[in-house]
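Biologist: Please take a close look at one part of this model. Show me how that part sits among its surroundings, and give the reasoning as you go.

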Amino acid sequence: MEWLKTIHVSSVALSFFGFFLRGIWMLVDSQMLQKKWVKILPHFIDAILLISATGLLYVLQWSIFDKNWLLTKIAVLFIYIGLGMLALKPGRPKAIRGSAWGAALLVYIYMVSVALTKSSYGFIEWLL
Ligand code: HEM
């Protein structure tokens with residue numbers, strides 16, 4: 001179980017780092033975003049993230065409906081995906097893409113805090 005959680009948490013960190021980097025490249029109009037490996041690698045990391053998440057659910061014998069914090073994390077994941085697409089898909093003004101990128105990073109940090117506190121309040125709990 002611990003090794004599966006290590007894979008899950010490592011892919012969470014790698015996914016964040018990759019999204020952060022691609023956002024910077026978007027903001028500075030870098031040609032790096034055109035590279036094939038830059039387009040493919042995030043899908044690979046996100047697949048590992050989701051497969052390890054499914055594996056954890058199986059090992060722990062949990063349903064996503066068992067824990068409020070888990071359901072929150074998954075619901076917010078959809079918001080993150082939407083903001084991430086807005087940020088990285090070409091075509092929209094950079095102010096919008098940059099704002100979506102910043103919001104997506106905050107949402108991601110919130111998701112990590114929800115996982116760590118095992119509470120839907122996430123980092124708000126640390127502030128109280
Ligand atoms: C379909 C999506 C996901 C599912 C079903 C899922 C499920 C899980 C499960 C079952 C655990 C183990 C909890 C425990 O051992 O008590 C876990 C841990 C964790 N998850 Fe996810 N996860 C998902 C996505 C994410 C995402 C997107 C993030 C980050 C943004 C994330 C961050 C974490 C972290 C940091 C932990 C470790 C918490 C700890 O140290 O106890 N997860 N996840």
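Modeller: What follows is a close look at one helix, H3, and then at what lies around it.

The model is predicted, so keep that in mind throughout. The overall frame comes first. The protein has five helices and zero strands. From the N terminus on, the order is α-α-α-α-α. Its C-alpha trace spans about 45 × 35 × 20 Å along the principal axes. Of its 128 residues, 18% count as buried. Take the contacts between residues at least 6 apart in sequence: 64% of them join residues at least 24 apart.

Now to H3 itself. The helix covers residues 68-88, which makes 21 residues. At 1.5 Å a residue it should span 30 Å. Its end C-alpha atoms are 30 Å apart, so expectation and model agree.

Which residues of H3 are buried? They are Leu70, Lys73, Tyr80, Leu83, Gly84 and Ala87. These residues cover an arc of only 130 degrees around the axis, which means that they sit on the same side of H3. A general point about helices helps here. An α-helix has 3.6 residues a turn, so residues three or four places apart point the same way. Note that the buried set of H3 includes a lysine, Lys73, and a glycine, Gly84. The other face looks away from that buried side. There the exposed residues are Asn68, Ile74, Ala75, Phe78 and Met85.

What covers the buried residues of H3? The cover includes helix H1 (2-27) and helix H4 (94-117). Both deserve a look, and H1 comes first.

H1 has 26 residues. At 1.5 Å a residue these should span 38 Å, and the end C-alpha atoms are 37 Å apart, which agrees. The buried residues of H1 are His8, Ser11, Phe19, Arg22 and Gly23. What covers them includes H2, H3 and H4. H3 and H1 therefore each help to cover the buried residues of the other.

His8 shows how H1 meets another part of the chain. This residue lies in helix H1. It counts as buried because it has 20 C-beta neighbours inside 10 Å, and the cut-off for buried is 20 or more. Neighbours within four places in sequence aside, His8 is in contact with Leu49, Ser52, Ala53 and Leu56. The C-alpha atoms of His8 and Ser52 are separated by 5.3 Å, with their positions 44 residues apart along the chain.

Phe16 makes a useful second case. Its place is also in helix H1. With 17 C-beta neighbours inside 10 Å, Phe16 counts as partly exposed. Its C-alpha atom is separated from that of Ser52 by 16 Å. Phe16 and Ser52 are 36 residues apart along the chain.

After H1 the backbone gives a detail to check. H1 is followed by Asp29. Phi of Asp29 is near 55 degrees, a positive value in a residue other than glycine. Asp29 is found in the loop between H1 and H2. Its 8 C-beta neighbours inside 10 Å make Asp29 exposed.

Next comes the other partner, H4, and the loop beyond it. Lys118 is in the loop between H4 and helix H5 (124-127). Phi of Lys118 is near 55 degrees, again positive in a residue other than glycine. Lys118 is partly exposed, with 13 other C-beta atoms within 10 Å. Tyr121 is found in the loop between H4 and H5. It has 15 C-beta neighbours inside 10 Å and so counts as partly exposed. The C-alpha atoms of Tyr121 and Tyr110 are separated by 8.7 Å, and the two residues are 11 apart along the chain.

Last, the ligand brings H3 back in. How many residues surround the ligand? There are 20, and the closest are Val12, Ala53, Leu56, Met111 and Ala115. H1, helix H2 (36-60), H3 and H4 each supply at least two residues of this shell. By class, the shell has 17 nonpolar, one polar and two charged residues.

To put H3 together: one side of the helix holds its buried residues, and H1 and H4 are among what covers them. The face turned away carries exposed residues, including Phe78 and Met85. H3 also supplies at least two residues of the shell around the ligand.

Technical notes
Residues are numbered from 1 along each chain as its sequence is written. This is a predicted model: local features need pLDDT of at least 70, side-chain atom pairs count only at pLDDT 80 or more; totals for chains, interfaces and linings use all residues. Helices (H or I, at least four residues) and strands (E, at least two) are DSSP runs, numbered from the N terminus. The expected span of a helix is 1.5 Å times one less than its number of residues. A residue is buried if 20 or more other C-beta atoms lie within 10 Å of its own, exposed if 12 or fewer, and partly exposed in between; C-beta atoms are placed from the backbone. The arc is that of the directions from the helix axis to the C-beta atoms. Two residues are in contact if their C-beta atoms, placed from the backbone, lie within 7 Å. A residue is near a molecule or strand if its C-beta atom, placed from the backbone, lies within 6 Å of it. Ala, Val, Leu, Ile, Met, Phe, Trp, Tyr, Cys and Pro count as nonpolar, Asp, Glu, Lys and Arg as charged, and the others, Gly among them, as polar.
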